[in-house]
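Open the model in your viewer and keep the selection tool at hand. The stops below go from the overall layout to single residues.

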Amino acid sequence: YLALSFSTLDLVGHDFGPDSHEVQDVLSHLDVTLGRLFTFLDNRVGRGAYVVAVSADHGVAPIPEQAAKAGLDAGRILTTTISRSVEQALEPVLGAGPHVARVVFTDIYFEPQRSAAILANPAAMKAVREALLSIPGLQHVFTQTEILQPGKDPLRRAIKLSYFPGRSGDVVVVAKPGWIFSTAVALPAANHGTAHPYDQRVPIILMGTRIGRGTYTQAATPADLAPTLASLAGIRMDRAQGRVLNEAVTTR
Ligand SMILES: [Zn+2]
């Protein structure tokens, strides 16, 4: 089993946006690279004697300025705006700050020695929530307790999957579709990291031994690739998160 990551596209996409000539250029180079890889595998392993699975870990939002120009609701939420708003909201309740240690895109970290008291103070949290929700483009506010509580809400589940208690923020914010978090006026140019469809939907392509020709419309996720490849290799994964993509697998 060999795993390869072609990560240049992500970096170039952040800098120039998904609709740029630069991204087209990277994609055409990537196409050539994949062709060379498959030729190598044909020669070394043998044609039809291996299986390739191609997918992506995320999509991307268009550059907000371009989207806004096209008439869509889009924009940037600066992390400096977030920290200023939270400081201003907490000062009347808790006195002079700083209360915010850092804002890293979606994650807001309170000063470590103050965070427990802030999170346990309903008036403080009400002020924080109201201040955040008044920032243009900011749609949802979640505290760690809200993220970790059990439930089937798809947005909270998505946040919980990448939430690491002790390392993730005390508060996590979600932007409206089309809006991105930026560290400076235009950095990065484009971004991802939301549960909106343009970020969450990715292709899954299977090719090789026992893969049936066709397009399949059943719900599938990249988490299905490990159990599918394991099954093709004759290995059963008892605790797999995904399922075997049987619709795409032939018996021989
Ligand atoms: Zn990225």
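**Stop 1: the two domains**

Colour the chain of this predicted model by domain: domain 1 covers 8-62 + 197-248, and domain 2 covers 75-182. Domain 1 is thus written as two stretches of sequence, 8-62 and 197-248. The centres of domain 1 and domain 2, taken over C-alpha atoms, are 34 Å apart.

**Stop 2: the zinc ion**

Select the zinc ion next, and show the side chains of Asp 10, His 14 and His 192. Asp 10 contributes two OD atoms, while His 14 and His 192 each contribute NE2. These contacts run from 2.0 to 2.5 Å. Along the sequence, the donor residues follow the spacing D-x3-H-x177-H.

Which parts of the chain does the histidine pair tie together? His 14 sits in helix α1 (residues 8-16), and His 192 is in the loop between β7 (179-182) and α9 (197-200), so the pair links parts that are 178 residues apart in sequence.

Why is the arrangement around the zinc ion irregular? The four donor atoms subtend angles of 54 to 153° at the zinc ion, and a tetrahedral site would need all angles between 85 and 135 degrees. The range also fails the square planar criterion, because opposite donors would have to be over 155 degrees apart.

Switch on the surface and look at the two histidines. Is His 14 buried or exposed? His 14 has a relative accessible area of 15%, so it counts as buried, the limit being under 20%. His 192, with a relative accessible area of 23%, is partly exposed.

**Stop 3: the cis peptide bond**

Select Gly 97 and Pro 98 and display the backbone. The peptide bond joining Gly 97 and Pro 98 is cis, with omega about 5°. Pro 98 belongs to the loop between α4 (79-94) and β3 (100-104).

**Stop 4: Phe 105**

From Pro 98, go along β3 (100-104) to Phe 105, which is in the loop between β3 and β4 (107-110). Phe 105 is not a glycine, yet its phi is positive, near 50°. Its relative accessibility is 29%, so Phe 105 counts as partly exposed.

**Stop 5: Arg 210**

Finish at Arg 210, in the loop between β8 (204-208) and α10 (225-232). What is the sign of phi at Arg 210? Phi is positive, about 65°, although Arg 210 is not a glycine. With 28% relative accessibility, Arg 210 counts as partly exposed.

How values were computed:
Residues are numbered from 1 along each chain as its sequence is written. This is a predicted model: local features need pLDDT of at least 70, side-chain atom pairs count only at pLDDT 80 or more; totals for chains, interfaces and linings use all residues. Side-chain values use heavy atoms; hydrogens and water are left out. Domain bounds come from an automatic or database domain assignment. Donors are N, O and S atoms within 2.8 Å of the metal (3.2 Å for Na, K and Ca); water is not among the atoms, so sites may look incomplete. Four donors count as tetrahedral if all angles lie between 85 and 135 degrees; four count as square planar and six as octahedral if opposite donors are over 155 degrees apart and all others between 65 and 115; anything else is irregular. Helices (H or I, at least four residues) and strands (E, at least two) are DSSP runs, numbered from the N terminus. Buried means under 20% relative accessible area, exposed over 50%, partly exposed in between (1.4 Å probe, protein chains only).
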